[in-house]
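Trainee: I would like to go through this model one feature at a time. Please give the cut-offs as the terms come up.

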Amino acid sequence: MSNTVADLMRRNLLDVFNEPDPGRRARAIAETYAEDVVWHEPDRIVRGREALARRAEELQEQNPGWVYQPDGPVSVNDDLGHLGFRYGPSGRPPVVSGMDIAHCKDGVIVELYTIVAEVPPPS
């Protein structure tokens, strides 16, 4: 399968971090990231597919029923992708917003940066 940068950004958000089924999530991880992917979160650096899979599962367990939604279209510049997101309980206003920025090579994400901000309450 040949993945474009835009495909990879959508798969990262929806097929990996939104996927509750561990088997489907594992398949998506294998198709989306390099074996030695490096993921920079605000509070840690995760190295490798296995560690990324464990972290994705932790996030699912910490916030059951929460979903990621794209916040706008994917932006692409050569081998870099950007996708904004909103995150919160399904069917309710999001609690968190942020963005993922990924460096892609040979049809997979090799490095991922996640930047997170809280969503301010409505005024």
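Trainee: In which sense do strand 1 and strand 7 pair, and over how many bridges?

Mentor: This is a predicted model, in which local features need pLDDT of at least 70, side-chain atom pairs count only at pLDDT 80 or more, and totals for chains, interfaces and linings use all residues. Residues are numbered from 1 along each chain as its sequence is written, and side-chain values use heavy atoms, with hydrogens and water left out. Strands (E, at least two residues) and helices (H or I, at least four) are DSSP runs numbered from the N terminus, and two strands pair if DSSP finds at least two bridges between them. Strand 1 (33–41) and strand 7 (108–118) meet that condition, and their pairing is parallel, over four bridges.

Trainee: Which residue is the bridge partner of valine 38 in strand 7, and which in strand 2?

Mentor: Strand 1 is also joined to strand 2 (residues 44–47), by four bridges, and these two run antiparallel. Valine 38 has a partner in each neighbour: in strand 7 it is glutamate 111, and in strand 2 it is arginine 47.

Trainee: How many residues lie between strand 1 and strand 2?

Mentor: Histidine 40 of the one strand stands opposite isoleucine 45 in strand 2. The two strands form a hairpin, and the number of residues between them is two.

Trainee: How many residues of strand 1 are buried?

Mentor: Buried means under 20% relative accessible area, exposed over 50%, and partly exposed in between, with a 1.4 Å probe and protein chains only. By that count strand 1 is mostly covered, and the buried residues number seven of its nine.

Trainee: Over how many bridges does strand 5 pair with strand 3, strand 4 and strand 6?

Mentor: Strand 5 (80–89) is mostly covered, with seven of its ten residues buried. One of its contacts places tryptophan 66 opposite proline 89, another sets serine 75 opposite histidine 82, and glycine 84 has methionine 99 of strand 6 as its bridge partner. The pairings are antiparallel: with strand 3 over five bridges, with strand 4 over three, and with strand 6 over eight.

Trainee: Which residue takes a positive phi in the hairpin of strand 5 and strand 6?

Mentor: That hairpin has six residues between its strands. The phi in question is near 80°, and the residue is glycine 91.

Trainee: Is aspartate 78 buried or exposed?

Mentor: Aspartate 78 is in the loop between strand 4 (75–77) and strand 5, a hairpin turn of two residues. Its phi is positive, about 60°, although it is not a glycine. Because its relative accessibility is 68%, aspartate 78 counts as exposed.

Trainee: What is the relative accessible area of aspartate 106?

Mentor: Aspartate 106 sits in the loop between strand 6 and strand 7. It is not a glycine either, yet has a positive phi of about 55°. Aspartate 106 is exposed, because its relative accessible area is 75%.

Trainee: Which backbone oxygen lies 2.6 Å from a polar atom of the side chain of threonine 32?

Mentor: Threonine 32 is in helix 2 (residues 22–32) and is buried because its relative accessible area is 0%. A polar contact is a pair of N or O atoms within 3.5 Å; within protein, one must be able to donate a hydrogen and the other to accept it, and residues adjacent in sequence count only if both atoms are side-chain atoms. The oxygen at 2.6 Å belongs to alanine 28.

Trainee: What distance does helix 1 reach from its first C-alpha to its last?

Mentor: Helix 1 (residues 5–16) has twelve residues. The expected span is 1.5 Å times one less than the number of residues, which comes to 16 Å here. The model is close to that, at 15 Å.

Trainee: Which residues that line the largest pocket are the closest to its centre?

Mentor: About 300 Å³ of space lies in the largest pocket. On a 1 Å grid over the protein atoms alone, a pocket is an open set of points where a 1.4 Å probe fits, with protein on both sides within 12 Å along at least five of seven lines, and lining residues have an atom within 4 Å of a point. Of the 19 lining residues, the closest to the centre are Glu41, Leu59, Tyr68, Thr114 and Val116.

Definitions and conventions. Grid points are joined across faces, edges and corners, and a volume is the space filled by probe spheres set on the points.
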